[in-house]
Amino acid sequence: MLYFEEALRVLMANKIRTLLTITGLIIGVGAVIAIQVLGSGMSGAVEGLLGGLADNSFFVQPNVQQGDFQKAAMHEKDLADLRIHVANVSDVAPLSFVRQLAHVGHGHSPAVLFAASAERYATTPFAFGGNFTPDQVAARATVCILSYKTYQKLFPDNSDPLGKSLHVANRRYVITGVMAAPRTGVLNANFGGDVAIPYTVYERDWLQGRILFGAAIYVIDQSQMAQTEVAVINELRNLHRNVKGIQYITFDKKTFNQLVGAVFGVLTMIVGLIGAVSLLVAGIGIMNIMLVSVTERTREIGIRKAIGARKGQILAQFFVEALLLCGIGCGIGLALGLAIGYGVNAFAIVKLTGSITALPWLRATLIAVTFATIVTLAFGTYPAYRASNLDPIEALRYE
Amino acid sequence: MNNLTRAIDVRDVTKVYRNGAMEVPALRGVSFVIERGEYVAIMGPSGSGKSTLMNIIGCLDRLTEGSYRLDGTDVSALDDNQLAEIRLKKLGFVFQGFNLLARTDAVKNVALPLFYAGLSARERNSIAGARLADVGLGDRGHHKPQELSGGQQQRVAIARALVNNPAVLLADEPTGNLDSTTSEEIMRLFGDLNAGGRTIIMVTHDEEVASHAKRIIRLRDGLIVSDERSAVAAGTSPR
Ligand SMILES: Nc1ncnc2c1ncn2[C@@H]1O[C@H](COP(=O)(O)OP(=O)(O)O)[C@@H](O)[C@H]1O
Ligand SMILES: [Mg+2]
């Protein structure tokens, strides 16, 4: 198409000007894409972070912001008290981890041991065996559940691990379960170490009066979660009433989701604002450069009209030029935005959370291109209209 | 003589330019008829209204009063797009300053009216190439205007003016920017075109150039002071 060919020639004749004009578009389109990618990346991140965590649990911890949080530290006896005295609590497991070398036969692997109850601490299914029974927990059975990663390291031949012995220091635990492979995110690991052992056994073998990070509380009725959290905090404050002004905080999936949602809301707003302002600036830039172009080319427009170009044909010429600018800007903006989005997704979200989120590339592209086109048409109309309405004689006389 | 055969029929045409409160009467009642195939020179001192008249005939400007029929069509009743259509199909314009698109080669300049007429790229290129060959520039198709001499540029402009096969060729001081030898070449080209049946109206204030035409209309202060056929041409006049 001749309009396109001519527009390309005009834009190529003023490369620097063209580039400066589309900078705003590039940033705007990039920002719009970033919003989309951030949006689904964040929801993917939340899902990845907490998806493996059981829905019927929450954490309770001393508020580390308070001055003397050492005194607020929780002990096994606090946990025992919570199990008995707080309504709706089905079980309580200490939050505590120890790093040890685990052996099976001749194989060994560093492993993080942690305490678990008979409640499921994760939603991940089992590859072998199953969860601890309440009896095993109560009877301090020396059993353990391996993470899939640890299983693979210790059983490279994929053999059946059930009933085999796991040696840690001078202790021996019988393997009664292996979790299926979880999503491999950096952050996911926090919700389960490599080797789970009943908290009764863990307290005896590894805790030895050590301070707990906090506790995982399992509730019977999930709809009463909030009330139970308050009750747990009150009970803990009551237990530590000799320490003045003591504070505990609880933490569940729902509140975390809300927190992330709030952070993401602010982020979206900022990026959205940047995108909107960029597109507006881009629009004004396009209008400005087109007005300059129309003025510079007044004589050319006069010639075209004199030889018989209709208004619509002059209008089309300048519209094509604006749209070509838009196209180049969109192209670069898209390439940049998608590259950044892909990078953030692959290197941050997937690595961090192990969740592979399907990012809405097509939707993001469509939205960005639509916005950019609307802005271009909105701001390109006036200059193009002005060009098409020039008086041919005056335009021809222009110098 | 049938009115429909008349290329140009101008009756009591006036043109008043308004600059704010000031009114400049450029044409003060001009009437004439130009039959098909005529070759007319419009002469007159500077400011006498020659360009104004040409712009009205060329449908670039509107008359203030009077009537103008081009090839049988009442032009004063048409809107901007219809005027553009007339300029495209029925008129070819040649300017003193050539008015070619810079950065655009000769073929593309000549092909531009064909694009506005909706022809395909293939048709445009073949027709434009042929018209360039007609004016003796068949081998210069891919030269840009600045790579051509003044005379060559004017010939490209003439090829462009003729590319849609218009009824009338209009030229406002076509030799004004050219030396006398080159002017002669252009005049020979005009002579050939007229011999081939093309209606030509040309503004000039050069008597030598005007002598090539078969009829000379002289203007002064927006009025026709004389309208005569040259002795040589009288015998071959269509009348
Ligand atoms: N756009 C215009 N506005 C006001 N006056 C004009 C305009 N164009 C031409 N004129 C005046 O009209 C008269 C005729 O001008 P023009 O047709 O250009 O004369 P010529 O071509 O014979 O030199 C002159 O007095 C000129 O100053
Ligand atoms: Mg003049």
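1. Let's start with how far to trust chain A. Its mean pLDDT is 85, and 90% of its residues reach 70 or more. Keep in mind as you read that this is a predicted model.

2. Which element of chain A has the lowest mean pLDDT, and which the highest? Helix α2 (residues 15–50) of chain A is at the bottom with a mean of 78, while helix α9 (residues 298–306) of chain A is at the top with 95. Remember that second helix, as we will meet α9(A) again at the interface.

3. One stretch of chain A calls for care. Over residues 186–190 of chain A, pLDDT stays under 50, and the model has 11 contacts beyond four places in sequence for these residues. Where pLDDT is low, the predicted coordinates should not be read in detail.

4. Now look at where the two chains meet. Chain A brings 21 residues to the contact and chain B brings 22 residues. About 2200 Å² is buried between chain A and chain B, with carbon and sulfur atoms giving 60% of that area. Three residues, A:L2, A:I307 and A:I393, supply 27% of what chain A buries against chain B, more than any other three residues.

5. There are polar links across the interface too. Three salt bridges are found between chain A and chain B. In a salt bridge you can look up for yourself, the side chain of A:R310 meets that of B:E85 at 3.8 Å, N to O. Seven residue pairs are in polar contact between chain A and chain B, counting pairs with both residues at pLDDT 80 or more.

6. Which elements of chain A give two or more residues to the side that touches chain B? They are α1 (2–13), α9, α10 (311–353) and α12 (392–397) of chain A. The most comes from α9(A), with six residues.

7. Turn next to chain B, where six strands form an open sheet with mixed pairing, in the order β6-β7-β8-β3-β9-β10. At the edges stand β6 (91–94) and β10 (223–229) of chain B; each has a single partner strand, so one side of each is left without a neighbour in the sheet. From one strand to the next, the twist averages 15°.

8. Finally, zoom in on one end of that sheet. Strands β6(B) and β7 (residues 168–172) of chain B run parallel and are joined by four bridges. B:G92 has B:L169 in β7(B) as its bridge partner. Helix α6 (residues 180–195) of chain B packs on the sheet and touches β3 (39–43), β7 and β8 (199–203) of chain B. The direction of α6(B) makes about 150° with that of β8(B).

Key. Residues numbered from 1 in each chain as written. Chains lettered and ligands numbered in written order. Heavy atoms only, no water. Pairing = 2+ DSSP bridges. Axes fitted to C-alpha atoms, helices over the stretch in contact; angles between N-to-C directions. Contact = heavy atoms within 4.5 Å. pLDDT = per-residue confidence, 0-100. Buried area = accessible area lost by both parts, 1.4 Å probe. Salt bridge = Lys/Arg side-chain N within 4 Å of Asp/Glu carboxyl O. Polar contact = N/O pair within 3.5 Å; in protein donor to acceptor, adjacent residues only side chain to side chain.
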